[in-house]
Each structure stands twice: as C-alpha cells, then as structure tokens.
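Reader: Please take one part of this protein and look at it closely. I would like the details in one connected account.

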Amino acid sequence: MNRDIFSRHMSRFAIPNGVLAITKPDPTHGFNSKPSSPALPSHLLARSPSFSTSSASLLRIRQKSSLQRMARRYDSNPFEEEEEVNPFSNSASVPPALNTRLSPLPPEPADFYNDRLGATIDIPMDTTKDLKKKEKELQAKEAELDKREKDLKRREDAAARAGIVIEEQNWPPFFPIIHHDIANEIPIHLQRLQYFAFASLLGLTVCLFWNILAVTAAWIKGEGATIWFLSIIYFISGVPGAYVLWYKPLYRAMRTESALNFGWFFLFYLLHIGFVIYASVAPPIIFKGKSLTGILPAVDIISEHALVGIFYFIGFGMFCLESLLSVWVIQQVYMYFRGSGKEAEMKKEVARGALRAAI
C-alpha cells in the first residue's frame, strides 16, 4: 500500500525522454566529480498540480545558483573576440577624464621683450652735415698716417745707404739677446768660416763658465774668496766683450765686405788668442794664479785636493782647445782677407783716414 502511494507521488515528478541531467567534468577535479542536480524545465513545473508557487520559486533560485557555479567553474573562451572600445567616443557610460589638458599660458604682452631689455633707445640719424664732417676727419687722419709712413720709409732708406742696419734680436731662441742669422745674411762661401768663429765665441763662454765652477770648488776647500770674485769678473766681462769687440765686426765684415771691420776683428781677436793661451797656463804674473784653471794651478792644487785638481785639469784642456780653434779661425780669415783684395783696400782706407786727420 505504502509502495503504491510513493509510486503515484513520484510519477508526478517523472522526467520525460530527452530531458537529461547535464554534467560536465570539473577542470580542477577531473572526471571523478559528482554530477550536478538535475535542472527541470519550467513548463514541466507548471504542469504539476501539486507543485506550489513557493516551491517553484525555490527551484528557480537553485537552478540559477547552479548555473552561476557552472559559469564560474570554466574559464572564458580564449578565442572569443573582445569588444573594441573607442576611447575617443563620446559615450555616456564612460565618464570624462578629469584634468586631461594643461591650462593654457596667459598671452604675452606686445612689449614683453622690450621690458626685459630695457626701454627703447632712440638713435638719432646723422644729418648730411654731420656725415660730411666725419668724412673730412677720416680723410685728415688717413693723410697723416700716409705722411708718417713715408717719413719712416725715408729714414729706413737713409739708414740703409749709410750702412746702418736695424737688427732684430733672435738668438738664443728661448731668450733672444743678440741678432744672429748666418744662413740668410752671410754669403754661402763664407758661412762655414763664420760658423767656426761663432763656435770660438761659444767655446770661450763654456771655458769661462767652467772656470767659475772649478774656482768655486777651490774656494770651498779654503783657497779664499778673491779668486772666486775674479772668475766672476772674467765671465761677465769676457763673453760680452768678445761678442762686441771681435765677433760682431767679423759678422759685419762677412756680410758687407767691409775692410775696416776686418781690421777691428784682427786687432781684438789677437787679444782674445793671447788671453786663452795665458789662461791655459795661468802663471801667477798678472792675474792671481788660482783664479784661472791653467796647468800650473792644476798641478799645485791636485796634491792637496784631488777633486779640485781634476776640475782644474778639465779647464786646462778646454782652454787649450779654444786656443787651437782660435788660431785656425784667424788664419782662415786672414787668408780670405788677402785673397779677396781686402788687404789693399784696407791700406787705402787707413791712408785716407790718416790724411783726413792730418788736414
């Protein structure tokens, strides 16, 4: 009896053919997941006479929640085309962005740059009269410059005719104190001899400088301060004196073929040769003996102070070389002087000068 009543009640909820419960595998649990509750169509629910309205509402809520759970259980389709959204469309659903544009700069006034640079300066235009006045002043200045240039050129020409040459100091290059340009001012066939004469001047400079060093060493060893002061005097007076008295006359004689300059050279170069020969011996006759690095002071000092004696012997060798070079230079200059006919010319000039002095 009870079994028949239960069968009649269940027949009311019978599911017709074609309506099956749909179960899909859970991607997180595989195929072992339990099927979801069967979802009955709404038209079947409406046909059931004993199905109350509240039960139908409850069933719809369950179906809706079941569908939501199924939708959350699966990912969205990766091949589905997304809806393109135009960011520039004036859609009412999209609220306008705030502060998307900068506020425009205030307009600049017309005299913006004039205020920074200062007030406008009015430059008055020169009148025709002022222009003519300035033109005359410029012409006067130009005429004055031309006059000065002509005057300077006239003086240079007069100095050149008189044999006065304006020389520019160019030697030594690091501190020019003298004019020296053998390559451009001395004839080619005399340049070699002039270079040897210049080497003689430099040799004298080196000898006197070494003489100061040797005498300073002797002074330190107790030879007295007098010889040191004398060595300084030899250097200060000997080098400039040699340049002015015999090297410069020879330089001018080679450049201008002047017989008188040759005469000055021979006179003072003989004195130069006599001095270097005397210094190489250094006898205690005129100068104080140990103020020059000759052979006699070297022999005397080396027995007491060997190092100082070596310094003196080196100085003696330098003075000997300078003596030999000087003798060779004067010999070569004299041979050129006689071979070029300058000797006869010099005799004529000397005779002419003596005649003028007598008159």
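Author: Pro172 lies in the loop between helix 5 (128-161) and helix 6 (182-185). Helices here are DSSP runs of H or I with at least four residues, strands are runs of E with at least two, and numbering starts at the N terminus. The peptide bond leading from Trp171 into Pro172 is cis. Its omega is near -5°.

A word on the basis. This is a predicted model, in which local features need pLDDT of at least 70 and side-chain atom pairs count only at pLDDT 80 or more, while totals for chains, interfaces and linings use all residues. Residues are numbered from 1 along each chain as its sequence is written, and side-chain values use heavy atoms, with hydrogens and water left out.

Before that loop, UniProt lists residues 128-158 as "coiled-coil region" in an unreviewed entry. UniProt positions follow the numbering used here, feature names are shortened, and annotations may be inferred rather than shown by experiment. In the model, the 128-158 span is 100% helix and 0% strand. Its end C-alpha atoms lie 46 Å apart.

The whole protein has twelve helices and zero strands. Of its 359 residues, 24% are buried. Buried means under 20% relative accessible area, exposed means over 50%, and partly exposed lies in between (1.4 Å probe, protein chains only). Among contacts with a separation of 6 or more, 59% join residues 24 or more positions apart. A contact means heavy atoms within 4.5 Å.

Now follow the chain past the loop. The same UniProt record, again an unreviewed entry, lists "transmembrane region" for residues 195-220, 226-247, 259-286 and 306-330. Take 226-247: the model makes this span 100% helix and 0% strand, with its end C-alpha atoms 30 Å apart. The 259-286 span is 82% helix and 0% strand. Its end C-alpha atoms are 34 Å apart.

Helix 7 (residues 188-223) and helix 8 (residues 226-256) come next. Their axes come within 9 Å and cross at roughly 175°. Axes are lines fitted to C-alpha atoms, for helices over the stretch in contact, and angles run from 0 to 180 degrees between N-to-C directions. That angle makes helix 7 roughly antiparallel to helix 8. Under 35 degrees counts as roughly parallel, over 145 as roughly antiparallel, 65 to 115 as roughly perpendicular, and the rest as oblique. The contact between helix 7 and helix 8 has 25 nonpolar, seven polar and one charged residues. Nonpolar covers Ala, Val, Leu, Ile, Met, Phe, Trp, Tyr, Cys and Pro; charged covers Asp, Glu, Lys and Arg; the others, Gly among them, are polar.

Asn211 belongs to helix 7. It counts as buried, at 0% relative accessibility. Leaving aside neighbours within four places in sequence, Asn211 contacts Ser231, Tyr234, Ser291, Leu292 and Thr293.

Then come the links around helix 9. Glu257 is in the loop between helix 8 and helix 9. Its phi is near 60°, a positive value in a residue other than glycine. Glu257 counts as partly exposed, at 24% relative accessibility. Asn261 lies in helix 9 (residues 259-281). At 18% relative accessibility, Asn261 is buried. Not counting residues up to four places away in sequence, Asn261 touches Pro249, Arg252, Ala253 and Thr256. Ala282 sits in the loop between helix 9 and helix 10. Phi of Ala282 is also positive, near 55°, in a residue other than glycine. At 2% relative accessibility, Ala282 counts as buried.

Helix 10 (residues 295-302) has Pro297, Ala298 and Ile301 as its buried residues. They cover an arc of only 100° around the axis, so they lie on the same side of helix 10. The arc is taken from the directions from the helix axis to the C-beta atoms. An α-helix has 3.6 residues a turn, so residues three or four places apart point the same way. The buried residues of helix 10 pack against helix 7, helix 9 and helix 11 (306-339).

Phe313 is in helix 11. It counts as partly exposed, at 32% relative accessibility. Beyond its neighbours within four places in sequence, Phe313 contacts Ile295, Ala298, Val299 and Ile302. The C-alpha atoms of Phe313 and Ala214 are separated by 9.4 Å, although the two residues are 99 residues apart along the chain.
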